[in-house]
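Biologist: Before we discuss anything in detail, could you show me the structure and then take me through the reasoning behind the words you use for it?

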Amino acid sequence: TLAPVMALTKKSQNGTSDTSNVSKRKGKGKGKGSSASASPWINVWALGWAVMTAMAMYHFLHAPSHIEREDGEEWTLPCVMADYEPLVAGCSPAVCGRAYFDNFTTVAQVKKIRRLLTTAMSYGGGAGGPTIFDVQTGTLSVDDHFIDLYRKLKHNPFELEDINTLEALIEKIKKKIEIHFGVSGLLLTSPTFFSRIHAGLRAVSINDEYWHPHIDQIAYGSFTFTSLLYLSDHGVDFEGGEFSFINSDDTELTLKPRPGRLSMFSSGSENQHYVHKVTKGTRYAFTIAFTCDPAKGIVPSHVLSKLKNL
C-alpha cells in the first residue's frame with residue numbers, strides 16, 4: 001500500500017507490537033490554481049495519474065513482501081546484485097530478504113551463551129557504552145581501546161558446555177539461513193562477536209557510535225548473510241536499542257530484541273539498517289555472519305578451539 005503509516009500486526013506475549021513500519025516521507029505543499037479552460041485540467045489530471053501509477057508500480061516492485069509465520073515473520077525483497085559479486089553459484093542469493101524467528105534457542109541455551117560472554121567481558125569493558133568481544137580473535141573492548149583477551153588470560157575461565165552450546169548454535173544458524181534463502185555452501189566469516197551496550201555512557205570514540213545506518217557487506221566486506229541472536233529482552237532488560245531496517249521508500253521496519261530471537265538477512269544494500277540508542281539498562285546480542293568466498297571463510301571448530309585450549 002501507499003499509506004504513510006503502516007503497523008504490522010505480529011504481537012508479543014505482552015500484547016505490544018514487535019514490528020512496525022513507520023514512514024519518513026515528508027508532506028507535500030498545496031499546488032497553485034489553474035485557468036478555467038478544460039485542457040489544462042485534463043493535463044494536470046493525466047500527469048497526476050501518471051505520477052501515482054509510477055509511484056504505485058515502484059512500491060510494488062521494491063517494497064518487501066511480507067509473510068507472517070507462527071514463529072516469526074519474513075520479508076522478501078530484490079537483491080542489489082552488485083553487492084554480491086563475484087557471484088558463487090548455489091551460494092550467492094538470488095532472492096534477498098529478512099526474517100526473524102522466536103524461540104530459536106531455549107532459555108537454558110541463552111543462559112549458557114550469556115555466561116560465556118559475561119565471563120569474557122568481565123576482563124574489560126568499553127568506556128563509551130558498547131563492549132565488543134570477537135570470538136575468533138579474542139579482541140575485547142577495554143576503556144577506549146582493544147586488547148587480545150586470549151593472550152592476556154593465564155587460565156581458561158570458560159565452561160566447556162558453554163563453548164559446545166555456542167558451536168552447535170553457529171551450525172544451527174547456518175543451516176537455518178541456507179534453508180530459508182535456498183542456498184548452500186555458506187562459510188562462517190569474521191568478525192563473529194558479542195556486543196553489550198550500556199545506556200547512559202557518552203561515546204568516547206567513533207567505535208562507540210553504534211547507531212549510524214550502515215550496510216554490512218560494505219562495512220565488513222566479507223558478509224553475504226548476517227544473523228543476530230538476541231540475549232536480552234526489550235522493555236525488561238533495556239529500553240531503546242531496537243533494530244531498524246531502512247526500506248527503499250524511506251520507511252523503516254523495526255524489530256524489538258527478545259531472548260532467543262534470531263534475526264537474519266541478506267547483507268547487501270537492500271538491508272541498510274541501524275540500532276537505536278539504548279536509553280536504559282543493558283542490551284546483549286551475538287552477531288554471526290556467513291560468506292560465499294572461501295578466502296574469507298573460517299572453520300567454526302578452529303575458532304572455538306581457541307576457547308577450549310586456553
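**Rings, burial and contacts**

Modeller: Please keep in mind that this is a predicted model. Let us begin with Trp75, which has a relative accessible area of 5% and is buried.

Biologist: What makes Trp75 count as buried?

Modeller: Buried means under 20% relative accessible area, and Trp75, with a value of 5%, is therefore buried. Tyr100, at 0% relative accessibility, counts as buried by that rule too.

Biologist: How many aromatic pairs are there, and why is the pair of Trp75 and Tyr100 called tilted?

Modeller: The count comes to 10 aromatic pairs. For Trp75 and Tyr100 the ring centres are 6.3 Å apart, which is within the 6.5 Å needed for a pair, and the planes stand at 35°, which is neither under 30 degrees nor over 60, so the pair is tilted.

Biologist: Which parts of the chain does that pair tie together?

Modeller: Trp75 lies in strand E4 (residues 72-77) and Tyr100 in strand E5 (residues 96-101), so the pair ties together parts that are 25 residues apart in sequence.

Biologist: And why is the pair of Phe194 and Phe286 called stacked?

Modeller: Their ring centres lie 4.3 Å apart, within the 6.5 Å limit, and their planes are at 20°, which is under 30 degrees, so this pair is stacked. Because Phe194 belongs to strand E10 (residues 187-198) and Phe286 to strand E17 (residues 278-291), the pair ties together parts that are 92 residues apart in sequence. Phe194 is buried at 0% relative accessible area, and Phe286 counts as buried at 2%. Together with Phe133 and Tyr150, Phe194 and Phe286 form one aromatic cluster.

Biologist: What lies over the face of Phe245, and what lies over the face of Trp211?

Modeller: Arg98 lies over the face of Phe245, at 4.4 Å from the ring centre, while Lys277 lies over the face of Trp211, at 4.4 Å from the ring centre; in both cases the distance is within the 6 Å that the rule asks for.

Biologist: How do you know that Ser227 is buried, and what does its side chain reach?

Modeller: Ser227, placed in strand E11 (residues 225-230), has 0% relative accessibility, which is under 20%, so Ser227 counts as buried. Its side chain reaches the backbone oxygen of Ile288 at 2.7 Å, which is within the 3.5 Å set for a polar contact. Leaving aside residues up to four places away in sequence, Ser227 touches several residues, among them Ile173, Leu262, Met264, Phe286 and Ile288.

Terms used: Residues are numbered from 1 along each chain as its sequence is written. This is a predicted model: local features need pLDDT of at least 70, side-chain atom pairs count only at pLDDT 80 or more; totals for chains, interfaces and linings use all residues. Side-chain values use heavy atoms; hydrogens and water are left out. Rings of Phe, Tyr and Trp (its six-membered ring) pair if their centres lie within 6.5 Å; planes under 30 degrees apart count as stacked, over 60 as edge-to-face and the rest as tilted. Helices (H or I, at least four residues) and strands (E, at least two) are DSSP runs, numbered from the N terminus. Buried means under 20% relative accessible area, exposed over 50%, partly exposed in between (1.4 Å probe, protein chains only). A charge sits over a ring if NZ of Lys or CZ of Arg is within 6 Å of the ring centre and within 35 degrees of the ring normal. A polar contact is a pair of N or O atoms within 3.5 Å; within protein, one must be able to donate a hydrogen and the other to accept it, and residues adjacent in sequence count only if both atoms are side-chain atoms. Contact means heavy atoms within 4.5 Å.
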